[in-house]
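Here are a few quick notes on the empty space inside this one. Have a look at the model before reading on.

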Amino acid sequence: TARAAALQALLVTGAGGLALLAGLVLLGQIGGSWECSLLVSQSERIRAHPLYVPVLLLVLAGAFTKSAQVPFHFWLPAAMEAPTPVSAYLHSATMVKAGVYLLARLQPVLGGTDAWHYIVTVVGAVTMLAGVLLALPQRDLKRLLAYSTVSALGTLMLLLGLGTVLAAKAAVVFLLVHSLYKGALFLVAGAVDHEAGTREIERLGGLSRAMPITTVAVSLAALSMAGLPPLLGFISKELLYEAKLQAPQAAPLITGAGILANMVLVAVAGSVCVRPFFGRPVATPRVPHEAPFSLWFGPLVLAGLGLLIGLFPDTIATPLVAPAVSAVRAEPTEIALGLWHGVNPILALSALTIACGVGIYIGRDVLCRTGRRLRFMTVWGPEQWYHTALAGLNRLAHAQTRLFQSGYLRVYVLTSALVVLVLTGRIFVGTEVLEGGGEWRETSFFAWVVAGLILSAAWVAVRASSLLAAAVGLGGVGYGIALVYILFGAPDLAITQVAIETLTVVLFVLVLYRHPFEFAVRSTLATRLRDAIVALGVGGVITAIVLIGTAEPVGSRLTPYFAEHSLLSAKGRNVVNVILVDFRALDTLGEITVLAVAAVGVYTLLKFTHAK
């Protein structure tokens, strides 16, 4: 299950990351810069660009997958398979917040449009509600906390979609609040599992007597999660309600969704704290006792910070919240935080949330039984889509492997040739790339003779009735190429070509002499016609490319540089040799090394075969 969860997280977030990469590349091209500060100055031009919507969708795809928004939320609860410290780090502070952070930084660039507002707000609201509703029936502490993380991420996305100063302020404060209480609760879940031997809520109870320090930590964190004063969670919840009440559009609907989500979140906080620690004592797989210092110190610090900052909220207003809100808004913003704002409608909403949340907690068993009857609907859920898509991908890969990885060299060569023919040859269709050619039409008589010899040798190689004759024909092609080098003033290349061709022909002849393979035609006429068409097509495309390249002389700064410095700097009159052994010495050394390694490998294989 851990490996499956790792693969699932990698595939979902990796696919979103590819979409994000494409979106950021387009954004950089449109804005003319990769710097956020410079892109902000180009925000109006970016929003008016025809590619704005594709860029926005690609960036949102990356952010939604990494921050587990519906319908990509399913990978995050599965990630609870990780060890508890990793889960605490993952679910409270790091990668799952990457998408939120990304949209917060890009809001001044991509935000402020209807597309941004509706997509981000709707997806955030749906995720916020889906997370808490899926969290309530869970019985595993870590899985329950994982789904509540999904809800918290949806809340953050919803606030970024609103795009107001209040929403940015609420998002930054809630980001900090969630990191503190969720990190503490995950670490507590690990401590409980370590000491009691289980994380199942129904198998836990009365742990407060055996684990008093851990109980203090979980109580403070759960109260902050529920939004009770005087903890920082209470301040955050009031900011959330204030921002939602002042939403630019559909404020009543958004506020109602937020209240419902927070009511269920209160019940979730009760499920984490009340029954396991203050419920009726039950027998656990291990006799519970207080966790060691290394296990209770971390959650106690995190939960204690939630209380301390709640009592003195101005300690984070200027150094933390204000700079973050200023970055989100791309403008200086002053922030003031307070624990008490008097009796007002927001306080009434908070009281209503707590009261209804307690009621939901009391009736959670009935609600969970009802929810279990609806489990059949999960077969149509996003996670099932993922498994179906993954199975289809594996079947496609299997079929593709059987098709392309046939084990026959001729199939690989044919496939490569077809790819070259299709991708390169399409540039010649309906174009005039060969029109207005240069001096290649004014070729000497000797060049035409050499070309005829090369074609004749190639024809002999193709039509030969023996392998030895085919080897001789291929050698004739190589010697013809050497003559071309001589005609066009490259005698050093011609000498190299003659040496290589001579060695190649001798090797072919020796091999065929020692191992006289029987010559036979094993392919059908249709196969030979297909291969001939592909070969002629590839040859024609390569010929056209060469003619285009030589039709117009291209000025080069390298030619005069090498001509000037070969003798002065490298003490050599042969420019080509000087380039190989001096100017490109490391490149040549690399080629020699590759050939040497290949020779050693061939020699080893030959000795191994002989020994067998």
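Which helix gives the largest share of the lining of the second largest cavity?

1. Helix 10 does, with four residues. Bear in mind that this is a predicted model. The other elements giving two or more residues to that lining are helix 9 and helix 14.

2. Who exactly sits around this second largest cavity? Its lining is made up of L141, L145, L185, V188, A189, V192, V272 and F277. That's eight nonpolar residues, with no polar and no charged ones. The volume here comes out at about 30 Å³.

3. Now zoom out: searching the whole structure for cavities of 30 Å³ or more turns up two. The largest holds about 160 Å³ of space. Lining it are 20 residues, and those closest to the centre are F174, M225, L240, N262 and L265.

4. Several helices have a hand in that largest cavity. Those giving two or more residues to its lining are helix 9 (141–162), helix 10 (165–196), helix 12 (212–226), helix 13 (232–245) and helix 14 (251–278). Helix 13 supplies the largest share, five residues.

5. The chemistry is worth a glance too. In the lining of the largest cavity you'll find 11 nonpolar, seven polar and two charged residues, whereas the lining of the second largest has eight nonpolar residues, no polar and no charged.

6. If you want to find both spots on screen, try helix 13 for the largest cavity, as it gives five lining residues there, and helix 10 for the second largest, where it gives four.

How values were computed
Residues are numbered from 1 along each chain as its sequence is written. This is a predicted model: local features need pLDDT of at least 70, side-chain atom pairs count only at pLDDT 80 or more; totals for chains, interfaces and linings use all residues. Side-chain values use heavy atoms; hydrogens and water are left out. On a 1 Å grid over the protein atoms alone, a cavity is a set of points where a 1.4 Å probe fits but cannot get out, and a pocket is an open set with protein on both sides within 12 Å along at least five of seven lines; lining residues have an atom within 4 Å of a point. Grid points are joined across faces, edges and corners, and a volume is the space filled by probe spheres set on the points. Ala, Val, Leu, Ile, Met, Phe, Trp, Tyr, Cys and Pro count as nonpolar, Asp, Glu, Lys and Arg as charged, and the others, Gly among them, as polar.
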